[in-house]
Amino acid sequence: MRTSGLCVLAGLFGSLVACDYTGDWLFAPPTDAPGVVHLGELVPTVIDGETSIDEAVIYGEIGATGTAEPGGVTFSFEGTGGPVCVWVDPELVFWNQSVAPQAGSDDARWAYPDNVFDDGDLDLYAGYAVYYSGSPGEKMGDFEIRYEDSLGNQIPLTLNECTISGLNGTGAHSGRGAPESCTLAATLPGVSYMVAIEAWSTPLDDDRLSYGLILAEGDCDDIRNGITEECVILGEARDADGEMIPDSSTFEVTYCANVEGADALVDYCETEAETYDCSVDHCFCGDPDNTPTLLE
Amino acid sequence: MLRILLNIRILPWLAAVFVLLSAVPAFADTTGAIAGTVSDADGLPIPGATVVLSSPSGTIGGDQKSVTGDDGDYSFRSLLPGTYSITGSADGFQAVTISGVQVLIGRTETVSVVLQAGGSAEVIEIESKRKTVDVEDVTRGEVLTKEFLQSIPTGRTYQSAVSMAAGVTGGAGGNPNMGGGAYNENTYMLDGVNITDPVTGTFSLNFNYDAIQQIEVLLGGYEPEYGISLGGVVNVVTDSGTNNLEFDTAVYYENGNWGAKRDARYGADGLQIAPTGFDSNSQTFSVSAKIAGPVIRDRAWFIFSYQMARSLINNIGVAQPRDFEGHYILGKLTVQPNADHRFTVFMQLDPTSIDNTEQDPNSRILPQAQARQAQGGYVGSARWQWFLSPDVNLDTQFVTQKSYIEVGAVPCTHDTKLGYHPCEPDEQEGNIDWETPGRVGINGAFDSVNYGYYYFDDRYRYTASSKLSVLGITDPFGGSHDFKFGAEATQNVWDQLQGYSGNTWYFDLNATLYDPQTFVNYYWLEITGPIKFRTSSSQWNLFAQDSYKPIRNLTIKYGLRYDNTVMRNDIGETVINASLVSPRLYAAWDPFGDQKTKIAGGYGRFNDTGRLGVASFTRASGYGSKLFLGEYFAASEQGFVNTSALMYDIAPRENTNVAHDKLRTPRVDEFLVLLQREIIEDVSVGGNFSYKMTRFLYEPDEVNVIYDEDGSAIIGSRYGDVLNPVARLRTPQIAKRDYMQADVYVDKVMSHRWFARLTYSYVNSVGSSEGALSGSFLNDPQTQYNYGPMFSTDVNHQVKAYASWELPTDPWSQTVGARVEYYSGQPYDRGYWSDVSTGSYDLRIRPRGEYGRIPGTWITAIKFQQQFDVRKGKVIADVEVTNPFNFAGPASYLIYPSENRLVIYERQAPFQLQLGLRYQF
Amino acid sequence: MSNKLNAALSLVGALALSGCGFKEGLEISDMKGTVVLPEEALTRTFFHSDGSSETLTDPRLIGPVYLGLYPSVEEGVQEYPYPEVGPVFEEGTPGDTFPYGGTSIGDIRFPCMESLQCRVVSGRYVDFDAMQSWFSDVLEDPISDAQGEEVTNGDYIAETCFEILHYTSEEEIRLTATDRNEDDVINLKDLDFVDQGDGTWAAEFTLWQQEYFQDEETGKGFTLWGWMDAPSESAYKFNTCDPTKGYKDDTYNSDFFAGRPYEDLLNFPSKYITSGDWVSGTPYVYQSADDENVTITLDFPAQVN
């Protein structure tokens, strides 16, 4: 009697434990792409007639940290005495279907859900290296310090000198897939600067985020020279071997054309959906059939 | 005192106790005692008389025997709650058996045995009379016995049964306000084990109502062993079994069509407040079984109980009912192989799932996204009671507890008859889509507030405790002492993982069912990935207490408790580190020495050792979020490709909450007076007066934003960014409450088949801080801190009455029980919508609580039980009717402070019926 | 043995009582004081459409007064005294301050009429008639209602406010005076600023629950400084009021906001101080949290290019 009773209890206990989860699988599994990367000391490129933007781009890839700790890319450079532009573009474009078309339009089937293939997001910070609190290559940090006023009160101050301009207005970071850039005006010669590109998120499908990066002398607006932001760096969507994903730059160019007024992206998406099985293949526009079943 | 201890060679045991350090923050009494005097007809004590304790259903460890001393005294201690018989005999006297002696938790039942001279072998049988006045009890509260729980209609949960004690009001989520405390300031104990949620301070376990033997409800005046609580203590003791094999199975059913309905038509001021679809349908089932009995007669008893509770509630307009399914399993084995040792192993589990938690008819949740909340946990304890002598015992207990909450989606199924989330044709059975935004979580997906939030929460408590009781010590002056010494230690851990599916959530402007043809993205948020973090605390305590009787009719209960608590946030910072001393001194006097009058009272301090929810205030783990405006805003500009603007950007791990470096912990100082007098046989009248001063409540204040004169607009900030309020957790002296309660009552104990109690309470409750860590002061920042009524506890007039009568209709048995409660209305505020920084803001313009009070409410209920004898047992039909005479009176109100109106939110429907059928043998 | 027992009992007693004298280590108090305005600050000449002119000294010419507590104030650096604090991150942005606290005397309020957006301050009007006549008779810019009709009496404003704000007494919305001095008469003496009869007008202020800071070396606490935002000459509007934010009321249209103060008034006062405003020329430096008779005078007429 007692034994069987205990067995029942043990069985119930076991089943209870089996139902209880920690949710750890919700963290990205570690990939061979590291979550925190330090590129070392870089030298700002001079983009002119001899060196084009394409030649100045450094391509790379980062993975997920696998924990709640953020990952990202850091590098340092020495001030030039003049302005220095930092430009970073994560794969692929700042667009997801959920925000694209007008309700009720023919394109509405692109309204939902999100495209998990391109939802990585990089946020750009830069400042004096001495103020950077992270451990390059190991742990991301920030440029926060505390200032003591005349009555001894501690005032928190942010010494990030990278004020994002462009796509999302001044001072704000952009969203997934969108480039960010800032110009560090009048860098001090011989002073070490740190650039911290924090990975806000990595794509949910494979947790690998490829990116393109430019560190160049001069003002970002001059380097961009009127090109649509998304198309300053092209072809940053790369596979694990570092090879550009086919058609990705075509998609970017189509996207930029759309931004510039052409109505090309719907056609691109429709064609892509007809050509590929988007529930299996890598469709830049996402899977239009992956919408929830409506209630009958 | 120490010399006496040394004399009885107790010091080694004392040392052993302190070596065994580790435990629950409270280690409640779960047993009671019987004591008394054997005397002759002239009242002279009979030394050397034999007193035997027995029970018709057996006594664990076998019948006990006690021989009276010179003063004729005898005692039986550490008795499981229940009913016993006492047989007294002595040479030259006729033996007497007194049966039906009821032992209550934490109480000593005094039974005087009067023997008649004579040598007859016949034993005189006497039915015990219930004690009308407990002249040694200094607590304010009640013990709810099994006969109360079974015959009084209280809704069949321990939380609702507790509401019948004077000074218990409203509360939240089944957690009452007890004795002026907040809903999260009570201590809940199950078989001596603290089952209070270590994070929230609320109850954390459900279990089979029919397995409860007694509930001790304490609102004040309790000794250090019961620990610390700013509110009250709910000490539930379950059955342990007997020598008889007992079986009890019951089915209960309640249909919500008979139940309280929300008033969907008109408010008190004639305004329509909600569509009629606001009503709901519900059904509640409960199936339970309990089996208890002997493993070995008099040596080992067991109880196993199971209850399945299921309720289906759906709002009209929502196809899928909120489906609550709980399984409450309790097992206990009590083994007493000899007179010296008793072992108790106890396990309680309550795995529960709640599907389709979103029931807003306007959101029209899709099946793919309906949320499941899984919750439950277990508590297990191993206890060893070592009876070194009849008067000395060592009680050691190890406890482990876990509770969890998981919020995700209802898993998909291909079985169309089962489940609420049909799988897609190619979808794996049981799949949950964690990657697509809005597919899991609270509120589900595709509704107006479309955040797919998942949450995994695990809470652990590891405790061990030891208590040494040295009872019946006589000091050189003739006084007697019951000493208890305890040492306890606890480790609490709280693990959380949370995030958003797809790391995104959307807000549909149309706020309706998702439809690609109508979906208008109003705004959306990008969220960083899931976060995972741990909060923890270490606590230990020591206590010493004495129940001292310097003379026979005076009991002085005094003691001291020391608590040490250290609470750490997720990055290991110590948020609270406190050493707390709680002295208690109470006395009870029986001025006429006739057990019919009591004058009692005293002072006690109760320190709160804190909850992990407080330590988590300064947690550093947090999401980053970016808010973007959707195509609704961008549409006019560039059509297909959005130019949506980033509206704000909160960096990950950003938390501007800080804690003051000199935090202390809240505490209560209580002053208590208890008066009681038996006026006629079995009937007493009494009066209680309690004054509780609660100080140093946890309250954050905001130190960044600077307001204008009336606190209605921001005009500056200390740290340069008004969007970054800096909340600083404090325990300021101004965060306080004062609570006064005066009761008068008439109490009729069980006799002649009926019992009843009527209590009227006058309560006055004021303060500046409603609950511990309520989020902010009830006052606007940088305006005058007000000191006004406490909304939930300042219910000035409270009436509670209950009665039960067992009809003399043998062989059948009928029981009628009834309860009536009245609560005068609580205060409410008047405010109007202002605008502070980012939106509307309810600004109070009068001192809080002065504006008005909601009308009073009545609750009535009646319960009929009809018992039929059947082969090998009995069947009981059980009908509980709530509000039979109260035709749709208001049950609760919604307060619109900004519109200066009060509307009826719930009405009580007549004939709320619960039907039950039980079978027992 | 008994000595040890005594010591132990003493210790226990001390511990038991230790909670009584608990000090948080924060010096927090309700700091009260007085703000004085010279009569010139509320004196203005009005030229009426009929060619006449009148010079009025009227409390309705007193705009909201903003008071801030600052770490230090350096005099004579700019054209008018302003708090000079800490690092200035953005070159050319004076007074990038980190105030410790502050309050206002009179709040910018929405008196339920779109045409009164950013034009009414609490504590300046005896009643609604005084509000109506001020705009109609003195400013010759009558209040118009939601239909564009001219408002000809104060009751109409009051009724509109009852409808919109559901208020139950004047105290609740503080648009007009209540019997503050408890003399059973509601008159000019119940307004924020009261004529002192010596050419000055004075108002009381309270900084509720203010945490106090002091430099241990100099023994000086923080500095109280403030200014009065005078209504603009042309439109009788307050330039510390942000018309794009605040209480939103669809009675007019969904785009209408009632206006409220800018949120960085005390952080960047120089952004908002314009000619005609009155500034404290001699800020008050606290010596302790319990300073009595704290008074600052807004005696310095701002001249801003």
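Let's start in chain C of this predicted model, with two helices that pack together. Helix α2 of chain C covers residues 128-138, and helix α3 of chain C covers residues 154-165. Their axes lie 7 Å apart and make an angle of about 120°. Angles over 145 degrees would count as roughly antiparallel and 65 to 115 as roughly perpendicular; α2(C) and α3(C) fall outside these ranges and are therefore oblique to each other. If you look at how they cross, α2(C) passes α3(C) in a right-handed sense.

Which residues bring these two helices into contact? From α2(C) come C:Phe128, C:Asp129, C:Met131 and C:Gln132, and they meet C:Gly154, C:Asp155, C:Ile157 and C:Ala158 in α3(C). By character, the residues of this contact are four nonpolar, two polar and two charged.

Now let's move over to chain B, where you can find a sheet. Five strands make up this open sheet, and going across it you meet them in the order β3-β2-β5-β7-β10, with mixed pairing. At the edges stand β3 (64-67) and β10 (124-127) of chain B; each has a single partner strand, so one side of each is left without a neighbour in the sheet. As you step from one strand to the next, the twist averages 25°.

Within this sheet, take a look at the pair formed by β5 and β7 of chain B. Strand β5 spans residues 82-89 and strand β7 spans residues 96-103. The two pair in the antiparallel sense, over six bridges. To find your place along this pairing, look for B:Tyr84, which stands opposite B:Val101 in β7(B).

Key: Residues are numbered from 1 along each chain as its sequence is written. Chains are lettered from A and ligands numbered from 1 in the order in which they are written. This is a predicted model: local features need pLDDT of at least 70, side-chain atom pairs count only at pLDDT 80 or more; totals for chains, interfaces and linings use all residues. Axes are lines fitted to C-alpha atoms, for helices over the stretch in contact, and angles run from 0 to 180 degrees between N-to-C directions. Helices (H or I, at least four residues) and strands (E, at least two) are DSSP runs, numbered from the N terminus. Angles under 35 degrees count as roughly parallel, over 145 as roughly antiparallel, 65 to 115 as roughly perpendicular and the rest as oblique. A crossing is left-handed if the near helix is turned anticlockwise from the far one by less than a right angle, and right-handed if clockwise. Two residues are in contact if their C-beta atoms, placed from the backbone, lie within 7 Å. Ala, Val, Leu, Ile, Met, Phe, Trp, Tyr, Cys and Pro count as nonpolar, Asp, Glu, Lys and Arg as charged, and the others, Gly among them, as polar. Two strands pair if DSSP finds at least two bridges between them.
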